[in-house]
Protein chains: 2
Amino acid sequence: MKPVTLKEIAETLNISVTTVSKALKDYPDVSKKTRKLVRETAAQLNYRPNSFAVNLRTKESKTIGLIIPEVVHHFFSTVIKGIIAQAEKKGYFVIILQSNESYELEKKQIDLLMSKHVDGILISLANETSDFKHITDVMDQDKPIVMFDKIAKIVNCSKVIIDDRKAAYMATQHLIDTGCKRIAHFRGPLLPQNSIDRFLGYKKALLDNDLPYDSSLVYICDCSDKSFEEGKNNAAQLLKDHSDVDGIFINTDMVAIGAITEFNKRGIKIPEDISIVGFSNWFMSSAITPTLSTIDQPGYQMGKMAFKQLYKELKALKQQKEVHPKIIELETSLVKRDSTKTLI
Amino acid sequence: MKPVTLKEIAETLNISVTTVSKALKDYPDVSKKTRKLVRETAAQLNYRPNSFAVNLRTKESKTIGLIIPEVVHHFFSTVIKGIIAQAEKKGYFVIILQSNESYELEKKQIDLLMSKHVDGILISLANETSDFKHITDVMDQDKPIVMFDKIAKIVNCSKVIIDDRKAAYMATQHLIDTGCKRIAHFRGPLLPQNSIDRFLGYKKALLDNDLPYDSSLVYICDCSDKSFEEGKNNAAQLLKDHSDVDGIFINTDMVAIGAITEFNKRGIKIPEDISIVGFSNWFMSSAITPTLSTIDQPGYQMGKMAFKQLYKELKALKQQKEVHPKIIELETSLVKRDSTKTLI
DNA sequence: CGCGAAATCGAAAACGTTTTCGATTTGTTA
DNA sequence: TAACAAATCGAAAACGTTTTCGATTTCGCG
């Protein structure tokens, strides 16, 4: 009933605990004979090292923390999956906590993870977060932290990102290329770096093509769990405000699908009346009618890379090596579908 | 730089480690004066108990394991969210592992969690799983385990479920009530209890209404990440096989949406030609055209309840009390939308 | 056989906490 | 003031592992 310990193996074999421990870890200073003997009885008694004791001794938990703004979110789900898969390969566990896009909660969650002594932290920042002391505090304690997707440029840690500005530029340029002259933008919240960058990419594309930038064509949405509704509302509002708009670049696919739904309901033809490009390549974007042109954002890959970088830093730290923060930029691509078309 | 320990607090105060420890836990045998003193210096030195040592001493990790077939899944996301939220309230962490619907992987993940000494396990079984020794092994080691959604009736542990049979009956009855005479079923895989139950509910509703059960009207789909495609394929196949079908009860919303997409493409009118009812009330079901009638399945609630039950058992076990497995059944409801209508 | 080197082993400390139980001090009452 | 109860404290063991360092044994070789 009681779990088997090194001591019990030692007793049944009439050798010391030390030797048993060393035998199981293939230390060179224990003879092959006893090594084999120990292995066998350990297997026979179904020995499992007590991870609590190992943790205490080695000061490692083989566990990392993951803080995410929102678990119920398709893109983040794929990131989580990438992280978990990669962590498992390296024998790490992942503890997931949510920030609910709240700065206070984010701080609390970091605190919890630190008191739990996770070996490292992966984080995508909350929309609210504009102060980063809680992050730098972690770094000051020599605990590696890697940001992904929603990052802070000012913090000097490793990051896994896409070039949001470039991607948004690509999306907007595509609208222009297919003939749009007056292009609106449904942007995300004001603080997060990626919604800023997407906005800037949109703006730059306009200016590079000698199209005037009109701030009244920029609509804000939270991109919360109400995204879909926001898309509908913004679409309705846009129709009221500007009858001349012929294209929209939208911050996320879900908002875009909300907008499409609203346009469909009102008999606005896509892409004949209005062309739309979304962002993230959520699988539903190929299911909606019309199918949605969008930017492909590699979530799984992002999770995978984020863990890989964290793992590198964990190893470096263990060997007392210097770690240099690294910025990993993943490629995005434009996926052309039916919501954008060159009209004759 | 080094984290402060009880010992250091004791030294700065010239008292024993014992007293410090007891003071921090409000033991009655330390005077109020020293208790306050200890608290203050602990706060001042920013003392954090070393969780590794606490774990080792108390044999608790305040961590539970969660095994889920697939993280990238809207329903499971909401369950995860419910679990994490509730766990946090009680000071528990959640380690998430995926089974990818594989029995072998599920076994391995349980093994990992056991070796990590999680305090308890929450699990939704993989489709492949038909042997349950790995589950009963956990129970034999007095580690509480609670199943949710995809459960095994034969295993005597606590479960949080819905009445899939009743819900499916409701869905099918609704199709019949709106005038359908020949109703197909896109069912899930053969092994999981819930897809069996949904099939049985469908069948019973037919028979209770004196409609013949025709096994050729039952189509199987994996409900994997290819769900959407499967919906399209099954829909296309159905049109080839049976031109007289006027209603379908579909195992999940995502498959249903795939089917709707296919029907839309082919000019089949919903609900005029074919009525459709899905399952789970995924938010996209109110976004698709036409909106999808479905069964509301309370994911968040299910996660919350699953953790609550596990927590109860953890507490009972700590107090050496007997634990009685409990089956918690959550209510479902029919959500009527545009994909089903009584036609005049 | 003797000597040094190499191979093999084990005692013990350490990780930081919790908790038992005995020791000491303080307070109370006759 | 003596005697006892109550309050307050601390020594030490325990949780199970890892690792250092010294002790012992074995071996090779002259």
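## Helices beside DNA strand C

Four helices each supply at least two residues of the surface near DNA strand C: α2 (17–24) and α4 (51–58) of chain A, together with α2 (17–24) and α4 (51–58) of chain B. Here, a residue is near a strand if one of its heavy atoms lies within 4 Å of it. Helices (H or I, at least four residues) and strands (E, at least two) are DSSP runs, numbered from the N terminus. α2(B) gives the most to this surface, with four residues.

This is a predicted model, in which local features need pLDDT of at least 70 and side-chain atom pairs count only at pLDDT 80 or more, while totals for chains, interfaces and linings use all residues. Residues are numbered from 1 along each chain as its sequence is written, chains are lettered from A and ligands numbered from 1 in the order in which they are written, and side-chain values use heavy atoms, leaving out hydrogens and water.

## Who meets the DNA

Of the 26 residues around DNA strand C, those that come nearest are T19(A), K22(A), L6(B), Y47(B) and R57(B). The surface residues divide into 10 nonpolar, nine polar and seven charged. In this grouping, Ala, Val, Leu, Ile, Met, Phe, Trp, Tyr, Cys and Pro count as nonpolar, Asp, Glu, Lys and Arg as charged, and the others, Gly among them, as polar.

On the DNA side, 59% of the strand C atoms within 4 Å of the protein belong to sugar or phosphate, and the rest to bases. Phosphate oxygens of the strand lie 2.9 Å from a polar backbone atom of S31(A), 2.7 Å from one of L6(B) and 3.4 Å from one of N50(B).

## The domains of chain A

Chain A is divided into domain 1 (6–49), domain 2 (59–162 + 300–333) and domain 3 (164–297); such bounds come from an automatic or database domain assignment. The C-alpha centres of domains 1 and 2 of chain A lie 38 Å apart.

## Helix α10 of chain A

Several residues of α10(A) are buried (under 20% relative accessible area, 1.4 Å probe, protein chains only), among them F228(A), N234(A) and L238(A). The buried residues of this helix pack against β6 (183–187), β7 (218–220), β8 (247–250) and α11 (253–266) of chain A.

## A buried glutamine

Q309(A) is found in helix α12 (residues 299–318) of chain A. Because its relative accessibility is 5%, Q309(A) counts as buried. Leaving aside residues up to four places away in sequence, Q309(A) touches V146(A), S158(A), K326(A) and I328(A), where contact means heavy atoms within 4.5 Å.

Terms used:
Polar contact = N/O pair within 3.5 Å; in protein donor to acceptor, adjacent residues only side chain to side chain. Buried < 20%, exposed > 50% of the residue type's maximum accessible area, 1.4 Å probe, protein only.
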